[in-house]
Amino acid sequence: MLITPHAMTGAALSVSFASPFVGIILAFASHYLLDAIPSWDVGMGTARDLSILFADAMFTIAALTYALRRTSNVVKMRIWAGAVVALLPDILSQSLLLAGLRHDLFVLHLHQYLQAPAPLVVSLTSQVFLSIIVLMYLTKRIKRIMATPPSSHINTIVFREGQRR
Ligand SMILES: [Zn+2]
């Protein structure tokens with residue numbers, strides 16, 4: 001799966017629960033859930049692959065930067081952390097592969113095991129669709145959080161009360 005749907009899902013999950021820790025753990029877990037959906041994936045072998053990956057990463061950074069333009073630093077940190085954590089399995093396995101290192105980590109074996117290919121058009125359409133839906137949800141969520149006092153952006157109890165209002 002591409003960078004954008006993973007990062008957007010992680011970003012959204014990071015601010016969907018009162019506790020930032022729950023959000024971050026679920027952001028990490030979401031990578032495996034999304035990878036379990038058969039999808040078209042970019043390799044890393046050709047210049048074309050690398051340009052797709054670069055464009056994908058740049059789009060994610062631009063979209064998140066724009067979505068976060070009016071948020072507090074705490075919310076920015078939560079969301080960026082969620083996006084990065086949701087990409088960790090890919091970052092880890094690709095860096096180990098590039099470094100030519102053998103790895104026996106269970107999380108990486110599981111990551112490899114879950115992935116299955118899907119036709120490009122179907123998969124790309126669903127990935128774009130998923131990214132748009134999640135980005136819309138994230139934007140709504142950010143607005144809601146920003147309507148609560150800044151002290152509640154990290155504090156779970158106040159954050160919950162703010163949501164009820
Ligand atoms: Zn992956």
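**Figure 1. Buried residues and overall fold of the predicted model.** Of the 165 residues in the protein, 27% are buried. This is a predicted model, with an average pLDDT of 90 and 93% of the residues scoring at least 70. The secondary structure comprises 7 helices and 0 strands, so the order of elements from the N terminus reads α-α-α-α-α-α-α. The radius of gyration is 17 Å, close to the 15 Å given by the globule rule for 165 residues, so the protein is as compact as a globular protein of that length. Along its principal axes, the C-alpha trace spans about 50 × 30 × 25 Å. Among contacts with a separation of 6 or more, 76% join residues 24 or more positions apart.

**Figure 2. Helix α1, covered along its residues.** Let us start with helix α1 (residues 3-14), where confidence is highest, at a mean of 98. By contrast, the lowest confidence belongs to helix α7 (residues 156-164), with a mean of 51. Helix α1 has 12 residues, and 16 Å separates its first C-alpha from its last, close to the expected 16 Å. You will find that 12 of its 12 residues are buried; among them are I3, H6, M8 and L13. The neighbours that the buried residues of α1 pack against are α2 (20-35), α3 (47-67), α4 (73-98) and α6 (120-146).

**Figure 3. The largest nonpolar core, seen around A83.** This core holds 23 residues, and A7, A11 and A83 touch the most other members. Two or more residues come from each of α1, α2, α4 and α6. Zooming in on A83, its contacts are A7, G10, A11 and L64, leaving aside residues up to four places away in sequence. Two of the partners in that list, A7 and A11, are also buried residues of α1.

**Figure 4. Helix α2 and its kink.** The 16 residues of α2 should span 22 Å at 1.5 Å a residue, and its end C-alpha atoms lie 23 Å apart, which agrees. Look also for a kink of about 25° centred on A29. The buried residues of this helix are P20, G23, I24, L26, A27, S30, H31 and D35. Their cover includes α1, α4 and α5 (106-114).

**Figure 5. A closer look at I24.** I24 sits in helix α2. Why does I24 count as buried? There are 20 other C-beta atoms within 10 Å of I24, so I24 is buried. Its contacts, not counting residues up to four places away in sequence, are S14, A81, G82 and V85. One of these partners, S14, is itself among the buried residues of α1. For a sense of scale, I24 and I37 are 13 residues apart in sequence, with 21 Å between their C-alpha atoms.

**Figure 6. Helix α6 and the residues it buries.** With 27 residues, α6 should span 39 Å at 1.5 Å a residue; the distance between its end C-alpha atoms is 38 Å, which agrees. Which residues of α6 are buried? They are Q127, L130, S131, L135, L138, I142 and I145. What covers these residues includes α1, α3 and α4. Helix α6 is also one of the elements giving two or more residues to the largest nonpolar core.

Notes. Residues are numbered from 1 along each chain as its sequence is written. This is a predicted model: local features need pLDDT of at least 70, side-chain atom pairs count only at pLDDT 80 or more; totals for chains, interfaces and linings use all residues. pLDDT is the predictor's confidence in each residue, from 0 to 100. Helices (H or I, at least four residues) and strands (E, at least two) are DSSP runs, numbered from the N terminus. The expected span of a helix is 1.5 Å times one less than its number of residues. Two residues are in contact if their C-beta atoms, placed from the backbone, lie within 7 Å. The radius of gyration is taken over C-alpha atoms; the globule rule is 2.2 Å times the number of residues to the power 0.38. A nonpolar core is a set of buried Ala, Val, Leu, Ile, Met, Phe, Trp, Tyr and Cys residues joined through C-beta atoms within 7 Å. The bend at a residue is the angle between axes fitted to the seven residues ending there and the seven starting there.
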